[in-house]
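I opened this entry to keep a record of what I looked up in the structure, going from the whole chain to single residues.

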Amino acid sequence: MTKIARVWKHETRNDTSELVIVDDQFVYRVEKTIASLPDDTPSLFPRWEEFAEQCSDLNRFERLPLNEIRFAPPIHSPEKIICIGRNYFEHAEEMGSTVGEIPVVFNKFPTAIIGPEQPIVLPPISNQVDYEGELVVVIGKSGQNISQDQALEHVFGFCCGHDVSARDWQKGKPGGQWLLGKTFDTFAPIGPFIATQDAVPNFGNLNIQTRINGEVMQDSNTDKLIFPVEYLVSHLSQFCTLRPGDLIFTGTPPGVGAARDPQVFLRPGDIVEIEIENLGVLRNPVAS
Ligand code: ZN
């Protein structure tokens, strides 16, 4: 039962990050003590049991108070970022869509990934950048044609994610430009940490909330997912091999800005917070 994260290097404040374990008060600098940890988080997953054993006594490690560190993205360059659309009934309804027999699937590029507190940058070619708070599945073990019964064996854990969405590109251009509208740089904030699956056994029943400048905009629960986690892992693995570190954004609940009257879009200076029960708060400022 563990929460792992990456923090920007404490001494140097440069662009490299180190792996840490997180509890409610501290981060534990495991990378300083355990030799030969990989530079990227997913490379740790195949040797997770050995690592967990090495971390069974956290007193071995230097610790820092949570308020002294800056979180980096817990995974900085996943091979795949797969996103699910229309996975909460009331969100499909508010967008004027119906729910199909299979989910809508799109993707983002790894260049969209940022960590907590890093700014979401509004692109000059969009005027309708919207928020979508989402539960994110982190794949732990490779697989293809995975059955729903075995799906959870391939899930490492979960984190908060923000599927930032330029509506004027997603819907307003010829053909509907889902990929471009969803994958501007900085449009995939994740974090602050990844909780292992056994730390959130109730991943199908977690409160999820999005706030802008403190005001609640989305307030729901993952028990309302139309296509649950096991289904999504199984379904997607029929098309492409899932690999350690791949991320699945599971879809957003109702309350997005485009569906409001008047519509609400992100503005420079806004603070967006995605909070999921047991998965912390993912907080990002918005910049132009
Ligand atoms: Zn979404």
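I began with Strand S15 and its partner: I found that strand S15 (residues 207–212) runs antiparallel to S16 and is joined to it by six bridges. Looking for one of these pairs, I noted that Arg211 has Val216 in S16 as its bridge partner. The model I am reading is a predicted one.

I then asked which strands make up the sheet that holds this pair, and in what order they stand. I read an open sheet of five strands in the order S9-S19-S18-S15-S16, with mixed pairing. Strand S9 (120–121) and strand S16 (215–221) are the edge strands, and each has a single partner, so one side of each has no neighbour in the sheet.

Between S15 and S16 I stopped at the loop, where Asn213 is placed. Asn213 is not a glycine, yet I read a positive phi of about 50° for it. I checked whether Asn213 is buried or exposed. It has 12 C-beta neighbours inside 10 Å and therefore counts as exposed, since the limit for that class is 12 or fewer.

Arg86 gave me a second case of this kind, with a positive phi of about 50° although Arg86 is not a glycine. I located Arg86 in the loop between S6 and helix H3 (89–94). With 19 other C-beta atoms within 10 Å, Arg86 is partly exposed, because a residue needs 20 or more to count as buried. I looked these two up because most residues other than glycine have a negative phi, and most peptide bonds are trans.

On the peptide bonds, I noted that the one from Gly191 to Pro192 is cis, with omega near 5°, and that Pro192 is found in strand S14. The bond from Asp261 to Pro262 is cis as well, with omega near 0°, and here I placed Pro262 in the loop between S17 and strand S18 (271–276).

Next I turned to the chain as a whole, and counted six helices and 19 strands in it. The radius of gyration is 18 Å, close to the 19 Å that the globule rule gives for 288 residues, so the chain is as compact as a globular protein of that length. Along the principal axes, the C-alpha atoms fill a box of roughly 55 × 45 × 30 Å. I noted that 44% of the 288 residues count as buried, and that, among contacts with a separation of 6 or more, 73% are between residues 24 or more positions apart.

For the domains, I have the chain divided into domain 1 (3–72) and domain 2 (81–287), with their C-alpha centres 25 Å apart. I looked up how many residues each domain brings to the contact, and found 11 from domain 1 and 13 from domain 2. On the domain 1 side, strand S1 (3–8) and strand S5 (71–72) each supply at least two residues, and the largest share, three residues, comes from S1. By class, I read that side as eight nonpolar, one polar and two charged residues.

I then went to the largest nonpolar core, which has 67 residues, and noted that Val136, Val138 and Phe158 touch the most other members. Each of domain 1 (3–72) and domain 2 (81–287) gives this core at least three residues. For Val138, leaving out residues up to four places away in sequence, I listed as neighbours Ile75, Phe156, Gly157, Phe158, Cys159, Ile194 and Leu247.

Phe158 led me to S12, in which eight of eight residues are buried. I found S12 paired with S11 in the antiparallel sense over seven bridges, and there Phe158 is the bridge partner of Val137. S12 is also paired antiparallel with strand S14 (residues 188–196), over four bridges, and I noted Ala195 in S14 standing opposite Phe158.

Last, I asked which strands helix H6 packs against. In helix H6 (residues 229–236) I listed Val229, Leu232, Val233, Ser234 and Leu236 as the buried residues. These pack against strand S6 (81–85), strand S11 (133–139), strand S12 (155–162) and strand S17 (247–249).

Terms used: Residues are numbered from 1 along each chain as its sequence is written. This is a predicted model: local features need pLDDT of at least 70, side-chain atom pairs count only at pLDDT 80 or more; totals for chains, interfaces and linings use all residues. A nonpolar core is a set of buried Ala, Val, Leu, Ile, Met, Phe, Trp, Tyr and Cys residues joined through C-beta atoms within 7 Å. Domain bounds come from an automatic or database domain assignment. Two residues are in contact if their C-beta atoms, placed from the backbone, lie within 7 Å. Two strands pair if DSSP finds at least two bridges between them. The radius of gyration is taken over C-alpha atoms; the globule rule is 2.2 Å times the number of residues to the power 0.38. Ala, Val, Leu, Ile, Met, Phe, Trp, Tyr, Cys and Pro count as nonpolar, Asp, Glu, Lys and Arg as charged, and the others, Gly among them, as polar.
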